[in-house]
Amino acid sequence: MDTQAPTWTFFPDDLDLECSDELPISIAMATDNCSEVSVSYVDDRIDGDCPQSYTIVRTWTATDGCGNSVVREQIIEFSDETAPVIEFADEYISEYTNGQAVYTECSEYTNIFKLRRAVLAADDCSDNLEYDFKFEDLGNFDCDEYGYSGHLRTTWSVMDECGNISEAHIDWYLVDETAPVLQGVPDDICTTSLPPVANVQAIDDCEFAVLTFEESDPIDCDGGQYVERTWTATDLCGNTTSETQRITLTGGDGPDINVNYPSLSGLATGSMVQLASSCNAEGQAIMPDLISAIEVGDGCSNATFTASLTEMSSGD
């Protein structure tokens, strides 16, 4: 009569596995003095603190031909201790790496602020990932001392269902190599008196610009005077831009016309002058080139004119 249970000859070890691992099948083996042995197992799952952490209690039973059996438990622990992997997916940052220092123009501030959804994350076990984005403006800095005018940091955090967290960040250093822009500088004009000073504004991509104004004393020139008004804007990094308005002062009588031709220069309008002329082979008078001799001046500005030469009558 067989009353003795089988004896285990091989029993698989307890296991600690990652949640992404396959549930192993390592068969226990047993022997019996009298008959063959049948080995089977039953799995019982015990949930842990999160969906990817749990315990499998695998109960092995070895039974001989007379119904004698032996039971033993194998403990298989599954856990999620691996954080998600973060990828810089947006084209704006795809060429950068975690922790990189990037030097860029101040005008990119708004684009950097909008990078909340610039990353993707993958996890071996969790499908539901929580994303968090932090934008930090670490203040203004002296360009001469630090080489940059601002420091920003963007940080992305991703957490899986078991609380594992990955972080990635980029440090942005704002440099200013672009001069301010002047708005409202008036065009050059020709006038009889100085107009009020225009309201000119200085716009800078980074912070603000200091605006200075200078007006020259009247400067003599051919036929009149002019005054120059100059606006200069300088930002905190020393980039400078200037624009000048020239105001030509005239007596208000309009342009001066002179015909720079022998015996004609300086004559008053309406004057009658007799000029020596030559004739061609057909006996026709050859008109002198008076149009090219016309000079027009309007103080210090350039004036345009039209002119015509008309034969009023002819003799024999």
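Strands E4 (residues 38-47) and E5 run antiparallel to each other and are joined by ten bridges. This pairing comes from a predicted model, as does everything that follows. Within the pair, Asp 43 sits across from Arg 58 of E5. The two strands make up a hairpin, with six residues between E4 and E5.

E5 has a partner on its other flank too: ten bridges tie E5 to strand E6 (residues 69-79), again in the antiparallel sense. Here Ile 56 has Ile 76 of E6 as its bridge partner. E5 and E6 form a hairpin as well, this one with five residues between the strands, and Gly 67 adopts a positive phi near 85° there. As for burial, seven of the ten residues in E5 (residues 54-63) are buried, so the strand is largely enclosed by the rest of the structure. Buried, in this case, means under 20% relative accessible area.

Zooming out, E4, E5 and E6 belong to an open sheet of four strands, and reading across it gives the order E2-E6-E5-E4, with mixed pairing. Strand E2 (15-18) and E4 take the edge positions; each has a single partner strand, so one side of each goes without a neighbour in the sheet. From one strand to the next, the twist averages 25°. The parallel part of the mix is the pairing of E2 with E6, which covers four bridges. In that pairing, Glu 18 is matched with Ser 79 of E6.

Further along the chain, another set of strands pairs up around E18. Strand E16 (residues 209-215) runs antiparallel to strand E18 (residues 224-235), and seven bridges hold the two in register. Thr 212 faces Thr 232 of E18 in this arrangement. E18 also pairs with strand E17 (residues 219-221), antiparallel once more, over three bridges; for Ile 219, the bridge partner in E18 is Tyr 226. Then there is strand E19 (residues 240-249), which pairs with E18 in the antiparallel sense over ten bridges. Thr 230 and Thr 244 are bridge partners here, the latter in E19. E18 and E19 form a hairpin with four residues between them, and Gly 238 in the turn shows a positive phi of about 85°.

What about the nonpolar interior? The largest nonpolar core contains 20 residues, and those touching the most other members are Phe 88, Ile 93, Tyr 96, Leu 115, Trp 156, Ile 170 and Trp 172. Strands E7 (85-88), E11 (150-159) and E12 (165-175) each contribute at least two residues to this core. E12 is the biggest donor, with four residues. As general background, nonpolar side chains tend to be buried together in soluble globular proteins.

Finally, the surface has its openings. The largest pocket comes out at a volume of about 1,200 Å³. Its lining is made up of 29 residues, and Leu 264, Val 273, Leu 275, Leu 290 and Leu 309 lie nearest the centre of the pocket. By type, the lining of the largest pocket splits into 18 nonpolar residues, ten polar ones and one charged. Strand E20 (residues 256-259) provides the largest share of that lining, with three residues.

Conventions:
Residues numbered from 1 in each chain as written. Predicted model: local features only at pLDDT ≥ 70, side-chain atom pairs only at ≥ 80, totals over all residues. Heavy atoms only, no water. Buried < 20%, exposed > 50% of the residue type's maximum accessible area, 1.4 Å probe, protein only. Pairing = 2+ DSSP bridges. Axes fitted to C-alpha atoms, helices over the stretch in contact; angles between N-to-C directions. 1 Å grid on protein atoms, 1.4 Å probe; cavity = no way out; pocket = protein on both sides within 12 Å on 5 of 7 lines; lining within 4 Å. Points joined across faces, edges and corners; volume = space filled by probe spheres on them. Nonpolar A, V, L, I, M, F, W, Y, C, P; charged D, E, K, R; others polar. Core = buried A, V, L, I, M, F, W, Y, C linked by side-chain atoms within 4.5 Å.
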